[in-house]
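Biologist: I'd like to learn how to read a model like this one. Could we go through it feature by feature?

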Amino acid sequence: MQLLYKFKYKILLSFLVIALSSCSVISEELSCKFSEIDCYRFNYTSVDSFNDSVLKYSEQWSLSDPTNALIKITPKEKLSISSSVEAENLILESPESIYALGIYIKNNQKPREWLFVAEQAYLRSWNSLGR
């Protein structure tokens, strides 16, 4: 009887683990809490560190050369963003604002997911799908 109880307990626990881990995959919300999303791919400690991290990332993933995009980076801007959609739209309109946005998000304790979405737009701004 006790063996059956342990077996049922292990099965239930296994299903619970599977269900919880799949939530991060099927959720429509981005979350930096799960390993499926790399919310820390670029370094925002300085403009040079940012540029180096973008270059390293582009090499790692065989992306187009980001040098022309990095030359245009504007380190200081007065920003006010209240959603990931606004962050993405800012970068779609002005990709050179990505570093300033990263600093804004960090300093104002905005969700890191907003920066992830903006970084995706930034990557698309200089990297064609054909690479």
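Biologist: How much area does the protein expose, and what share of it do carbon and sulfur atoms supply?

Modeller: Keep in mind that this is a predicted model. The protein exposes about 9,200 Å², and 57% of that is supplied by carbon and sulfur atoms. As for the inside, 35% of the 131 residues count as buried.

Biologist: How many helices and strands does the protein have?

Modeller: Six helices and zero strands. Read from the N terminus, the order is α-α-α-α-α-α.

Biologist: And the contacts? Among those between residues at least 6 apart in sequence, what share joins residues at least 24 apart?

Modeller: That share is 58%.

Biologist: On to salt bridges. What's the general idea, and how many does the structure hold?

Modeller: Side chains of opposite charge can pair when their charged atoms come close. Here the structure holds two salt bridges. Let's take Arg41 and Glu119: their side chains meet with an N to O distance of 2.9 Å. Arg41 sits in the loop between helix H1 (2–26) and helix H2 (47–60), while Glu119 belongs to helix H6 (residues 112–126), so this pair ties together parts that are 78 residues apart in sequence.

Biologist: Are Arg41 and Glu119 buried or exposed?

Modeller: Both Arg41 and Glu119 are buried.

Biologist: Which residue forms a salt bridge with Arg124?

Modeller: That's Glu88, with the closest N and O atoms 3.3 Å apart. This pair also links distant parts of the chain: Arg124 is in helix H6 and Glu88 in helix H4, 36 residues apart.

Biologist: How do Arg124 and Glu88 count in terms of accessibility?

Modeller: The partly exposed class runs between 20% and 50% relative accessible area. Arg124 has 47% relative accessibility, so Arg124 counts as partly exposed. Glu88 is at 24%, so Glu88 counts as partly exposed too.

Biologist: Let's try a loop residue. Where does Ser97 lie?

Modeller: Ser97 is in the loop between helix H4 (84–93) and helix H5 (98–107).

Biologist: Why does Ser97 count as buried?

Modeller: Buried means under 20% relative accessible area. Ser97 counts as buried because its relative accessibility is 0%.

Biologist: Which residues is Ser97 in contact with, leaving aside its neighbours within four places in sequence?

Modeller: With those neighbours left aside, Ser97 is in contact with Thr74, Glu77, Leu90 and Ile91.

Notes:
Residues are numbered from 1 along each chain as its sequence is written. This is a predicted model: local features need pLDDT of at least 70, side-chain atom pairs count only at pLDDT 80 or more; totals for chains, interfaces and linings use all residues. Side-chain values use heavy atoms; hydrogens and water are left out. Helices (H or I, at least four residues) and strands (E, at least two) are DSSP runs, numbered from the N terminus. Buried means under 20% relative accessible area, exposed over 50%, partly exposed in between (1.4 Å probe, protein chains only). Contact means heavy atoms within 4.5 Å. A salt bridge is a side-chain nitrogen of Lys or Arg within 4 Å of a carboxyl oxygen of Asp or Glu. Accessible areas come from the Shrake-Rupley method with a 1.4 Å probe; for residues, only the protein chains shown count as cover.
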